[in-house]
Amino acid sequence: MGTTAIELTVGPVAHGGWCVARHEGRVVFVRHALPGERVLAEVTEETTRFLRADAVEILDASPDRVPAPCPFAGPGRCGGCDWQHASLEAQRRLKTDVVAEQLRRLAGIDWKGRVEEVPGAPDGLGWRTRVQFAADRDGVLGLRRHRSHDIEPVDACLIAHPEVENVGAEVMNWRGASTVEVIASSAGDQAVVVAPKPRRTVAVPDLDDDVAVFVNEGRGRTRTVHGRHHVTERVGGRDFQVTGSGFWQIHPGAAATLLATVMEFADPKPGEWALDLYCGVGLFAASLAEAVGPDGAVFGVESEPVAIRDAERNLRDLPQARFGRGFVESALDRYGIERADLVVVDPPRTGLGREVAARIADLRASRIVYVSCDPATLARDLAWLGERGYRLAELRAYDAFPMTSHVESVALLVQQ
């Protein structure tokens, strides 16, 4: 649509990196604005119920506004960051408001906490240890624009970890590639995962010899072109193998921070029977297994076969930990799991859903620890678990994604 400009007085923050304003009776979701500002905004999307817009001129600025450090941030540019125009303190206040509003509106919970800093990125930059770039038809790398398949070419990403930038992928040509993911692990490994365009091959440019290169062949299959087939991540005294593009927390301090909170909330006792659902490569399962000891047991469930193989390898010294492959909604029945003392869940952004929430509640665990990367689906699931006899005892939220609207939360639920 055309670039219709409207003047707006910006209201409160909304989930997803927007602020809310009103224009001629309709709600307007505004990016690149801050609460209390008066802005000139260009409409980017229009429906019968609401508008989406970009603030292109700031008429009255918030005291929380700062110059965006990245030259690729701003209206119509890279969509990877949401809040580069806000101070870090303001970003965390905005995220706190979002978490509190979602809990209040969707679960009727009055949360008085705050979004906490995660150690490792004091200026909010240089933290992202896994960055997936998109390649254009000429093999030039960039990042997607907001709500668009269009690519913003970049020669550097300021939120990328320095070891990601040291690979130099953005200044190389990747003709034939669809995406190029660059990984820098906490143990010092570097890797590149290339996904070719359909029916194309990629001529991988010359990289340093110590950079592993994988090709993503789809359906969870990754082929090693150069170097080891995995990277090693390190938390505390334990190493975790993560194959290809397997899931791992991307902030360098997030895995340790979340693990510490999960273990504090879970408080596993020797001899207990614990479940780790959506277990990935076994980060939480390892500490749970050490805590419950040889007289206890931990069972992890994960749908990705490569992650299950990694988890079994990573915890091969802990025989009390076992793993099963499958989707949680069917795996608990298939493996005949009817009871648990303790359940840890770390679902994808879509959350548990009503069916899985009900199945977990039926296990009658004394505590459920829920790790979430989306406060809306977390709040929805807390409401459903509340209907099944669980109440929220504690919740901590973390700024594991500075400059973006995303937030990581850990909730403890206990039986009412």
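Colleague: Which residue of β21 does V345 stand opposite?

Modeller: In this predicted model, local features need pLDDT of at least 70 and side-chain atom pairs count only at pLDDT 80 or more, while totals for chains, interfaces and linings use all residues. Residues are numbered from 1 along each chain as its sequence is written, and side-chain values use heavy atoms, with hydrogens and water left out. Strands β20 (residues 342-345) and β21 (residues 367-372) pair in the parallel sense over four bridges, where pairing requires at least two DSSP bridges and strands are DSSP runs (E, at least two residues), numbered from the N terminus, as are helices (H or I, at least four). Opposite V345 in β21 stands Y370.

Colleague: Which strands are the edge strands of the open sheet?

Modeller: The open sheet has eight strands with mixed pairing, in the order β7-β22-β23-β21-β20-β17-β18-β19. Two of them pair on one side only, and these edge strands are β7 (115-117) and β19 (321-325).

Colleague: What angle does the direction of helix α4 make with that of β18?

Modeller: Helix α4 (residues 283-292) packs on the sheet and touches β17, β18, β19, β20 and β21, contact meaning heavy atoms within 4.5 Å. Axes are lines fitted to C-alpha atoms, for helices over the stretch in contact, and angles run from 0 to 180 degrees between N-to-C directions. For α4 and β18 (297-302), the angle is about 165 degrees.

Colleague: Which residue in the turn between β3 and β4 has a positive phi?

Modeller: Five bridges join β3 to β4 (residues 26-31), and the two run antiparallel, with H23 opposite R26. Two residues lie between the strands of this hairpin, and the one with a positive phi, of about 50 degrees, is E24.
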